[in-house]
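Today I sat down with a new model and a fresh notebook page. Here is what I looked up, in the order I got to it.

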Amino acid sequence: MLNNILRNTLIISALTIPVLAATAQTALAGKSNFRVYNDSSSTVRELYVSDSRYDSWDNDILGRDVLPSGSDIQVVFSDRSPRSCLYDIRAVFEDGQVLEDYQINVCTNTEYTFYDR
């Protein structure tokens, strides 16, 4: 009887451990803050980072600031859950050029860089 209880406990434990490992791995795959680099020759006047599920841009994250050439900024997410990993980015440069890039995976990427074309 004791052997049966011990055997069943070991089987349940063996089945539970992979589930816990998979759950922990999913939790680690949440979106992380990432850094935006401006390696272009022009200053970024406006910068938008918005969830790809929506058709509108969130607020300009630079506000009154700008992102000069050679500078970078840390984008911080208040919601770190992995529900949405895909984000769109839009930059408006001082020379009037607008760059938009779509469905950037912020759960796997830790940086984004603007370059001259």
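**Entry 1: a salt bridge to begin with**

I am working with a predicted model, so I read everything here as computed. I started at Arg-53, whose side chain meets that of Asp-51 in a salt bridge, 2.8 Å from N to O. How do the two partners stand in terms of exposure, buried or exposed? Arg-53 is exposed, with a relative accessible area of 52%. Asp-51 is buried, at 7%. I noted that Arg-53 gets its label because 52% is over the 50% cut-off for exposed. Asp-51 is called buried because 7% is under 20%.

**Entry 2: following Asp-51 into its strand**

Next I looked up where Asp-51 sits. Strand 2 covers residues 44-51, and six of its eight residues are buried, so the strand is largely enclosed by the rest of the structure. Which residue is the bridge partner of Asp-51 in strand 4? I found Tyr-87 there. I then checked Val-44, and its bridge partner in strand 4 is Phe-93. In total, seven bridges join strand 2 to strand 4, and the two run antiparallel.

**Entry 3: the sheet around strand 4**

I stepped back to see the whole sheet. It is an open sheet of three strands in the order 2-4-5, with antiparallel pairing. Strand 2 and strand 5 are the edge strands, each pairing on one side only. Neighbouring strands in this sheet are turned against each other by 15 degrees on average, direction ignored.

Then I went through the other pairing of strand 4. Strand 4 and strand 5 are antiparallel and share six bridges. One of the contacts I wrote down is Val-92, whose bridge partner in strand 5 is Val-98. The hairpin of these two strands has four residues between the strands, and Gly-96 takes a positive phi near 95 degrees in this hairpin.

**Entry 4: a salt bridge in the hairpin strands**

I also found a salt bridge between the side chains of Glu-100 and Arg-90, at 2.8 Å from N to O. Glu-100 lies in strand 5 (residues 98-105) and Arg-90 in strand 4 (residues 86-93), so the pair ties together parts that are 10 residues apart in sequence. Glu-100 is partly exposed, at 33% relative accessible area.

**Entry 5: the other sheet**

I turned to another open sheet of three strands, this one in the order 3-1-6 and with mixed pairing. Its edge strands are strand 3 (72-75) and strand 6 (111-114), and each pairs on one side only. Here the average turn between neighbouring strands is 20 degrees, direction ignored.

How many bridges join strand 1 to strand 6? I get four, and the two strands run parallel, with strand 1 spanning residues 34-38. Asn-38 has Phe-114 of strand 6 as its bridge partner.

While on strand 6 I looked at Thr-113, which lies in that strand. Thr-113 is buried, with a relative accessible area of 18%. I also took down its C-alpha separation from Ser-40: the two atoms are 8.6 Å apart, although these positions lie 73 residues apart in chain numbering terms.

**Entry 6: a salt bridge across this sheet's strands**

The structure holds four salt bridges. One of them brings together the side chains of Asp-72 and Arg-35, at 2.5 Å from N to O. This pair links distant parts of the chain, with Asp-72 in strand 3 and Arg-35 in strand 1, 37 residues apart. How exposed are the two partners? Asp-72 is partly exposed, at 36% relative accessible area. Arg-35 counts as partly exposed too, at 26%.

**Entry 7: the largest pocket**

I kept the pocket for the end of the session. The largest pocket has a volume of about 230 Å³. Which residues lie nearest its centre? They are Lys-31, Asp-58, Phe-77, Asp-79 and Tyr-87, out of 16 lining residues. By class, I counted seven nonpolar, three polar and six charged residues in the lining. I recognised Tyr-87 from Entry 2, where it came up as the bridge partner of Asp-51 in strand 4.

Notes:
Residues are numbered from 1 along each chain as its sequence is written. This is a predicted model: local features need pLDDT of at least 70, side-chain atom pairs count only at pLDDT 80 or more; totals for chains, interfaces and linings use all residues. Side-chain values use heavy atoms; hydrogens and water are left out. Two strands pair if DSSP finds at least two bridges between them. Axes are lines fitted to C-alpha atoms, for helices over the stretch in contact, and angles run from 0 to 180 degrees between N-to-C directions. On a 1 Å grid over the protein atoms alone, a cavity is a set of points where a 1.4 Å probe fits but cannot get out, and a pocket is an open set with protein on both sides within 12 Å along at least five of seven lines; lining residues have an atom within 4 Å of a point. Grid points are joined across faces, edges and corners, and a volume is the space filled by probe spheres set on the points. Ala, Val, Leu, Ile, Met, Phe, Trp, Tyr, Cys and Pro count as nonpolar, Asp, Glu, Lys and Arg as charged, and the others, Gly among them, as polar. Buried means under 20% relative accessible area, exposed over 50%, partly exposed in between (1.4 Å probe, protein chains only).
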